[in-house]
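The questions below concern charged side chains and cysteines, and each answer works towards the name or value asked for.

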Amino acid sequence: MSYRYRTKGTCSVYIDVDMDGDVVRDVTFTGGCHGNLQAISRLVKGMTASEIKEKVDGIRCGYKATSCADQMCRAIELAMAENEAKAGC
């Protein structure tokens with residue numbers, strides 16, 4: 001299942017998440033710090049949503065109230081919620 005999330009409060013603009021159940025297959029960021037976001041994408045491949053949340057939820061970027069990693073958690077949560085809603089139909 002693929003999901004596109006429009007970020008709020010970060011340099012990246014979109015986060016595209018590809019999930020298999022609660023496991024992340026791929027994450028792609030549009031905009032932001034390209035090198036760091038490539039690293040985050042590679043590190044989270046194969047991890048479950050709860051593992052990712054435990055490690056990066058709430059991380060802030062400088063003076064900002066959020067970060068690209070924190071926004072990725074939001075994207076994964078919304079992707080899973082959307083998938084559950086579709087399954088419930």
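Q: How many salt bridges does a search of the whole structure find?
A: Side chains of opposite charge can pair when their charged atoms come close. The model is a predicted one, and in it the side chains of Asp18 and Arg25, for example, meet in a salt bridge at 3.5 Å from N to O. A search of the whole structure finds a total of nine.

Q: Is Asp18, which meets Arg25 in a salt bridge, buried, partly exposed or exposed?
A: Buried would require a relative accessible area under 20%, and exposed one over 50%. Asp18 has a relative accessible area of 21%, while its partner Arg25, at 44% relative accessibility, counts as partly exposed. Because its value of 21% lies between the two limits, Asp18 is partly exposed.

Q: Which residue of helix H3 meets Lys53 in a salt bridge that links distant parts of the chain?
A: The side chain of Lys53 meets that of Asp57 in a salt bridge at 3.3 Å from N to O, and it also meets the side chain of Glu77 in a salt bridge, at 2.7 Å. The pair of Lys53 in helix H2 and a residue in helix H3 (residues 68-87), 24 residues apart, links distant parts of the chain. The partner in helix H3 is Glu77.

Q: Which residues are joined into one network by salt bridges that share partners?
A: Lys53 meets Glu77 in a salt bridge and also meets Asp57 in one. Salt bridges that share partners in this way join five side chains' owners into one network, namely Lys53, Asp57, Asp70, Arg74 and Glu77.

Q: Which residues gather in a patch of negative charge on the surface?
A: A residue can belong to a patch if its relative accessible area is over 30% and it has no salt bridge. Glu51, placed in helix H2 (residues 49-56), counts as partly exposed at 37% relative accessibility. The patch of negative charge is made of Asp20, Asp22, Glu51 and Glu54.

Q: How many disulfides does the structure hold?
A: A disulfide needs two cysteine sulfur atoms within 2.5 Å. The structure holds no such pair: for Cys33, the nearest cysteine sulfur, that of Cys11, is 5.8 Å away. The sulfur of Cys61 is 6.3 Å from its closest cysteine sulfur, also in Cys11, and is therefore too far for a bond. The number of disulfides is zero.

Notes: Residues are numbered from 1 along each chain as its sequence is written. This is a predicted model: local features need pLDDT of at least 70, side-chain atom pairs count only at pLDDT 80 or more; totals for chains, interfaces and linings use all residues. Side-chain values use heavy atoms; hydrogens and water are left out. Patches are made of residues with over 30% relative accessible area and no salt bridge: like charges are joined within 9 Å, nonpolar side chains (Val, Leu, Ile, Met, Phe, Trp, Tyr) within 5 Å. Accessible areas come from the Shrake-Rupley method with a 1.4 Å probe; for residues, only the protein chains shown count as cover. A salt bridge is a side-chain nitrogen of Lys or Arg within 4 Å of a carboxyl oxygen of Asp or Glu. Lys and Arg count as positive and Asp and Glu as negative; His and the chain ends are not counted. The place of a charge is taken as NZ of Lys, CZ of Arg, CG of Asp or CD of Glu. Helices (H or I, at least four residues) and strands (E, at least two) are DSSP runs, numbered from the N terminus. Buried means under 20% relative accessible area, exposed over 50%, partly exposed in between (1.4 Å probe, protein chains only).
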